[in-house]
Amino acid sequence: MTETKTPLASRTVWANIVGLAALVLPLAGFDAAALDTDRLAEAGATFVAAASFIASSVFRVVATRRLRG
């Protein structure tokens, strides 16, 4: 296999970037609770973080299977 792709072409990298952003934004002072008093925005950010890490794992498994098969 001689084909390589840039890091930004990787779905795994993008899933990790989204997850990292969802974790770092509250640390940087972004208060999602101020946007929505019933915490819907905060729950959405948590969901995005969880989904990105799950997607990262799924994309890694898919990529590994493509390399083997």
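These legends accompany several close-up views of a predicted model.

**View 1. The whole chain: two helices and zero strands.**
Welcome to the overview of the predicted model. The protein has 69 residues, and 14% of them count as buried. Its accessible surface amounts to about 5,500 Å², with 67% of that area belonging to carbon and sulfur atoms. The two helices to look for are α1, residues 11-27, and α2, residues 40-68.

**View 2. A nonpolar patch on the surface, made by Leu20, Leu23, Val24 and Phe53.**
Here the four side chains form a patch of about 350 Å². Which helix gives the most to the nonpolar patch? Helix α1 does, with three residues. Leu20, one of the patch members, has its place in helix α1.

**View 3. Thr12 and its contacts across the sequence.**
Thr12 lies in helix α1. Is Thr12 buried or exposed? Thr12 counts as buried because its relative accessibility is 13%, and the cut-off for that class is under 20%. Once neighbours within four places in sequence are set aside, the residues in contact with Thr12 are Ser56, Phe59 and Arg60.

**View 4. Ser56, seen from helix α2.**
Let us now take the other side of that contact. Ser56 belongs to helix α2 and counts as buried, with a relative accessibility of 10%. Leaving out residues up to four places away in sequence, Ser56 touches Thr12, Ala15 and Asn16. Arg11 is 45 residues from Ser56 along the chain, yet their C-alpha atoms are separated by 7.3 Å.

**View 5. Arg11 over the ring of Phe59.**
How far is the charged end of Arg11 from the centre of the ring of Phe59? The distance is 4.7 Å, and the charged end sits over the ring. Phe59 also appears in View 3, as one of the residues in contact with Thr12. If you are looking for aromatic pairs as well, the count for this model comes to zero.

**View 6. Glu42 and Asp31, eleven residues apart along the chain.**
Our last stop is Glu42, placed in helix α2. Glu42 counts as partly exposed because its relative accessibility is 37%, which falls between the cut-offs of 20% for buried and 50% for exposed. The C-alpha atom of Glu42 is separated from that of Asp31 by 8.3 Å.

Key: Residues numbered from 1 in each chain as written. Predicted model: local features only at pLDDT ≥ 70, side-chain atom pairs only at ≥ 80, totals over all residues. Heavy atoms only, no water. Patch = residues over 30% accessible without salt bridge, like charges linked within 9 Å, V, L, I, M, F, W, Y side chains within 5 Å. Areas by Shrake-Rupley, 256 points an atom, 1.4 Å probe, with all protein chains shown as cover. Helix = DSSP H or I, 4+ residues; strand = E, 2+ residues; numbered from the N terminus. Phe/Tyr/Trp six-rings, centres within 6.5 Å; stacked < 30°, edge-to-face > 60°. Lys NZ or Arg CZ within 6 Å of the ring centre and 35° of its normal. Buried < 20%, exposed > 50% of the residue type's maximum accessible area, 1.4 Å probe, protein only. Contact = heavy atoms within 4.5 Å.
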